[in-house]
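Thanks for coming. I will go through one structure today, so please have the sequence and the model open.

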Amino acid sequence: MVGETHADLVQQIEEHFTLLNGMLAAGREDGPGTAMDAVLKVYAALARWGARDPAEAQAFGTRMKQAGVEPFLLGERAQSVLGSYASDGEIYALRGRTDGYLTACQHRTAVQALQNDFPGVVSSDWAVESVDDFDEALRDVADDPTPMHRGQIPSWAPKSHWWWWQPEPVTMDMREFGDRLYAGDLGRGEPGSADWLRCGDKKCWCYTAPG
């Protein structure tokens, strides 16, 4: 259950802000596509924020809103990047009953954070269709994904990011959870041998899940 460290995520975010600032200052011709790619990568890092300080994550969002990138997000190239990102998320969602749901959630939260900070940013027909298809795929698998540990859910994400809290209620046991995570390679040992997958958080579904 170990992921990127706090320092890793902050470094990635700062690198993308540096790229954005340099691009805006130079007025590069590839600005719209590059800007959307960098902005999505910032939100993607925040979607992997986990249980870390929500106030720090929200401060990065505030910086993004104040960065002056909005005019660069509505062009054809930028919308193409956004549509492709949503389409990639849809592919992960279609694997949601096996190993893709976590990445699908991260993609959808990144897109939603972008939409919240820049209303109307999903503007081209292609981008709108891609996000709609992504949502449809998420809804199709929402009753039967591999559950998230509580520490994998971004601490700043509101409940309106419903995809993180599916299925509801969780009835999966730890054996099936392990089999899904490791494509059946966990082995079939004694009952309870998947207990090491429990995250230890008493508020997480895994705390009371059967072995």
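Where is the place of Glu-129? Glu-129 sits in helix H6, which covers residues 125–141. Keep in mind throughout that this is a predicted model.

Let me stay with that residue for a moment. Glu-129 belongs to a patch of negative charge on the surface, together with Asp-125, Asp-132, Glu-136 and Asp-140. Its own relative accessible area is 47%. Buried means under 20% and exposed means over 50%, with partly exposed in between, so Glu-129 is partly exposed.

Now the overall picture. How many helices and strands does the protein chain have? The count is 7 helices and 0 strands. Read from the N terminus, the order of elements is α-α-α-α-α-α-α. The radius of gyration is 18 Å, and the globule rule gives 17 Å for 211 residues; the two are close, so the chain is as compact as a globular protein of that length. The C-alpha trace spans about 60 × 35 × 30 Å along its principal axes. As for burial, 43% of the 211 residues count as buried.

Next, the charged pairs. As general background, side chains of opposite charge can pair when their charged atoms come close. This structure holds 9 salt bridges. I will take three pairs and then a network.

The first one I will show is Arg-48 with Glu-4, where the side chains meet at 2.6 Å, N to O. This pair links distant parts of the chain, 44 residues apart: Arg-48 is in the loop between helix H2 (31–47) and helix H3 (54–65), and Glu-4 is in the segment before helix H1 (6–26). Are these partners buried or exposed, or in between? Arg-48 has a relative accessible area of 26%, so it counts as partly exposed. Glu-4 has 28% relative accessibility and is partly exposed too.

The next pair is Glu-14 and Arg-63, with their closest N and O atoms 3.0 Å apart. Here helix H1 supplies Glu-14 and helix H3 supplies Arg-63, and the pair links distant parts of the chain, 49 residues apart. Glu-14 is partly exposed at 30% relative accessibility. Arg-63 is partly exposed as well, with a relative accessible area of 34%.

Then there is Arg-108 with Asp-135, a salt bridge whose closest N and O atoms are 2.5 Å apart. Arg-108 is in helix H5 (residues 101–117) and Asp-135 is in helix H6; they are 27 residues apart, and again the pair links distant parts of the chain. Is this pair buried or exposed? Arg-108 is buried, and Asp-135 is buried too. Elsewhere, Asp-144, Glu-176 and Arg-180 are joined into one network by salt bridges that share partners.

Arg-108 has a further contact to note in H6. Val-131 is in helix H6, and its C-alpha atom is 8.6 Å from that of Arg-108, although the two are 23 residues apart along the chain. Val-131 has a relative accessible area of 5%, and under 20% means buried, so Val-131 is buried. Compare that with Glu-129, also in helix H6, which is partly exposed at 47%.

Moving along the chain, we come to the loop between H6 and H7. Which peptide bonds involving Pro-167 and Pro-169 are cis? The bond from Gln-166 to Pro-167 is cis, with omega near -10 degrees. Glu-168 and Pro-169 are also joined by a cis peptide bond, with omega about -5 degrees. Pro-167 lies in the loop between H6 and H7, and Pro-169 lies in that loop as well.

Last item: a nonpolar patch on the surface. Leu-181, Tyr-182 and Trp-196 form it, with about 320 Å² of accessible area together. Leu-181 is in helix H7 (residues 174–181), and at 36% relative accessibility it is partly exposed. Tyr-182 is in the segment after H7 and counts as partly exposed at 35%. Which residue is 83 residues from Tyr-182 in sequence and 8.1 Å away in space, C-alpha to C-alpha? That residue is Asp-99.

That is what I have for today.

Notes
Residues numbered from 1 in each chain as written. Predicted model: local features only at pLDDT ≥ 70, side-chain atom pairs only at ≥ 80, totals over all residues. Heavy atoms only, no water. Patch = residues over 30% accessible without salt bridge, like charges linked within 9 Å, V, L, I, M, F, W, Y side chains within 5 Å. Areas by Shrake-Rupley, 256 points an atom, 1.4 Å probe, with all protein chains shown as cover. Salt bridge = Lys/Arg side-chain N within 4 Å of Asp/Glu carboxyl O. Lys, Arg positive; Asp, Glu negative; His and termini not counted. Charge placed at Lys NZ, Arg CZ, Asp CG, Glu CD. Helix = DSSP H or I, 4+ residues; strand = E, 2+ residues; numbered from the N terminus. Buried < 20%, exposed > 50% of the residue type's maximum accessible area, 1.4 Å probe, protein only. Rg over C-alpha atoms; globule rule 2.2 N^0.38 Å.
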